[in-house]
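Take a moment to get the model turned to a view you like. We'll walk through it piece by piece, starting in the sheet and ending at the ligand.

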Amino acid sequence: MYTINENYLDLQGSYLFSTIAKKVAAYKEANPQADIIRLGIGDVTQPLAPAIIEALHKAVEEMGTMEGFHGYGPEQGYEFLRSAIAKNDYQARGCQIDADEIFVSDGAKCDVGNIQEIFGPDNIVAVCDPVYPVYVDTNVMAGRAGKFNPEKGGFEKIVYMPCTEANGFAPEIPSQKADLIYLCFPNNPTGEVIDKAALQKWVDYANKNGSVILYDAAYEAYISEEGIPHSIYECEGARTCAIEMHSFSKNAGFTGLRLGYTVIPKDLVCNGVALHSLWNRRHGTKYNGAPYIVQRAGEAVYSEEGKAQIKEQIAYYMENARIIREGLQEAGFTAYGGVNSPYIWLKVPGGLTSWEFFDKLLNEVQVVGTPGAGFGASGEGFFRLTAFGTHENTIEALRRIKEM
Ligand code: PLP
């Protein structure tokens, strides 16, 4: 009889967003007329920018010609896109990252999920609490997390770094050993950021202790304030201790198109082995590269028109973020985030749990958000709203919440 990977049995419950979807579907079935506003899942709503559509059309046409047809591409990504990324996202910011240190993929979720494969089974994993669930679940699947301990509110072997009101939602360097440290700024779900000096402390810690930082910069494009790092490579010494993941989902609306990338500097070496070569091997073995037409669309994100159009879209979402944050504050809520991020992290009032508040919002005003408890024990008592809706829906949702 064959056996299964029993680590999967240690995963907790169903995925947060499927639980929400089930609750919303049940409500909709009981109340077919209800006008539900969804500010829950972090999916964008604005259509792709014209420069991206144009690049897609052009690439599709090319694929229908003998000269322009592209079959299997380089697994690491086409040179034109890797160079555009290196130039715009790194070199223009003074970060020393070369095109061949960039691995293009079909999104950050796969990369942040898969990256743990190149590390040994006994590494101690540290995550923020609350946390984007993919970091934890993929380590559970790999057997690196131990058993779930309800008293701890987490997995035995995972080091949780609480991000609470008390520490301004900035994780503190753990007192116990941590080998693989997942950091995500601007943060999902809290919407908060850390400044360069704070990030530098993590880099220094990692270099000193032989840890690697897995830095998820999926929301980098939403940073509006000075002094907030857009990349971990702005910090001195990050080339020897950090891997960075990016997504085209939230800055350019690629949630359906799919594109992302991971940066592994060649200086990142463990006992003489470059992580760059391990990931290169893994990528070449298990991945066939992002589609040519999608990579051409990604290239258009860095064109002058593309940049301008995307800036407008981000401003659109950030206006929603302002409406939500200020609206909540006017209604007497305490709300965080929403300044350098499309997420607003509100404190649940009246001693309700975050799932009770979810039910209340759904049942009373038909607004869907995400309960903080779904992101970890320290998320209890908080609730995430996203700025990715339309202006009209965002304004209407806030009107209803204020009325409630
Ligand atoms: N990382 C974080 C922190 C996210 O919140 C998300 C998506 O919501 C992702 C990564 C996934 O991005 P992608 O759409 O590129 O897979």
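How many bridges join strand β7 to strand β8, and do they run parallel or antiparallel? Five bridges link β7 (residues 180–184) with β8 (residues 212–216), and the two strands run parallel. Keep in mind as we go that this is a predicted model. To find the register of the pair, look for leucine 180, which stands opposite valine 212 in β8, and then for tyrosine 182, which stands opposite leucine 214.

On the other side of the story is β3 (residues 125–129), which is joined to β7 by two bridges, again in parallel. Here alanine 126 faces isoleucine 181 of β7 as its opposite number.

Now look at how β7 is covered. Five of its five residues are buried. In a regular strand, side chains alternate between the two faces of the sheet. In β7, Leu180, Tyr182 and Cys184 sit on one side, Ile181 and Leu183 sit on the other, and all of them are buried. Both faces of this strand are covered, then.

Step back to see the whole sheet. It is an open one of seven strands, ordered β2-β10-β9-β8-β7-β3-β6, and the pairing is mixed. At the edges are β2 (102–105) and β6 (159–162), each of which pairs on one side only. From one strand to the next, the twist averages 20°.

The parallel pairs we've just seen account for part of that mix; for antiparallel ones, go to β10 (residues 260–263). β2 is joined to β10 by four bridges and runs antiparallel to it. Strand β9 (residues 242–247) also pairs with β10 in the antiparallel sense, over four bridges. Tyrosine 261 of β10 is a handy landmark here: valine 104 stands opposite it, and so does histidine 246. As for the side chains of β10, Gly260 and Thr262 point one way, Tyr261 and Val263 point the other way, and all are buried.

The loops are worth a visit too. Start just past β3, where a cis peptide bond joins aspartate 129 to proline 130, with omega about 5°. Proline 130 lies in the loop between β3 and α5 (133–141). Aspartate 129 has a partner for its side chain: the side chain of serine 378 makes a polar contact with it at 2.9 Å. Serine 378 comes from the loop between β16 (370–371) and β17 (382–386). Is serine 378 buried or exposed? Its relative accessibility is 19%, so it counts as buried, since the cut-off is under 20%.

Isoleucine 173 belongs to the loop between β6 and β7. It is 47 residues from alanine 126 in sequence, while the two C-alpha atoms are 9.7 Å apart in space. With a relative accessibility of 36%, isoleucine 173 counts as partly exposed.

Two residues stand out for their backbone angles. Arginine 258, in the loop between α7 and β10, has a positive phi near 80° even though it isn't glycine. Glutamine 366 is another non-glycine residue with a positive phi, near 55°, and it lies in the loop between α11 (354–365) and β15 (367–368). Arginine 258 is partly exposed at 28% relative accessible area, whereas glutamine 366 is buried at 17%.

One more cis bond brings us to the ligand. The peptide bond from asparagine 188 to proline 189 is cis, with omega near 20°, and proline 189 is in the loop between β7 and α6 (196–209). The side chain of asparagine 188 has an N or O atom 2.7 Å from an oxygen atom of the ligand. Tyrosine 219 places a polar side-chain atom 2.6 Å from a ligand oxygen, and lysine 250 does likewise at 2.7 Å. Taken alone, the ligand would expose 400 Å², and the protein buries 90% of that.

Which residues make up the surroundings? There are 14 of them, and the closest are Asn188, Asp216, Tyr219, Ser247 and Ser249. By class, the shell has six nonpolar, four polar and four charged residues. Helices α4 (108–114) and α7 (249–252) each supply at least two residues of it.

Definitions and conventions
Residues are numbered from 1 along each chain as its sequence is written. This is a predicted model: local features need pLDDT of at least 70, side-chain atom pairs count only at pLDDT 80 or more; totals for chains, interfaces and linings use all residues. Side-chain values use heavy atoms; hydrogens and water are left out. A residue is near a molecule or strand if one of its heavy atoms lies within 4 Å of it. A polar contact is a pair of N or O atoms within 3.5 Å; within protein, one must be able to donate a hydrogen and the other to accept it, and residues adjacent in sequence count only if both atoms are side-chain atoms. Accessible areas come from the Shrake-Rupley method with a 1.4 Å probe; for residues, only the protein chains shown count as cover. Ala, Val, Leu, Ile, Met, Phe, Trp, Tyr, Cys and Pro count as nonpolar, Asp, Glu, Lys and Arg as charged, and the others, Gly among them, as polar. Two strands pair if DSSP finds at least two bridges between them. Axes are lines fitted to C-alpha atoms, for helices over the stretch in contact, and angles run from 0 to 180 degrees between N-to-C directions. Buried means under 20% relative accessible area, exposed over 50%, partly exposed in between (1.4 Å probe, protein chains only).
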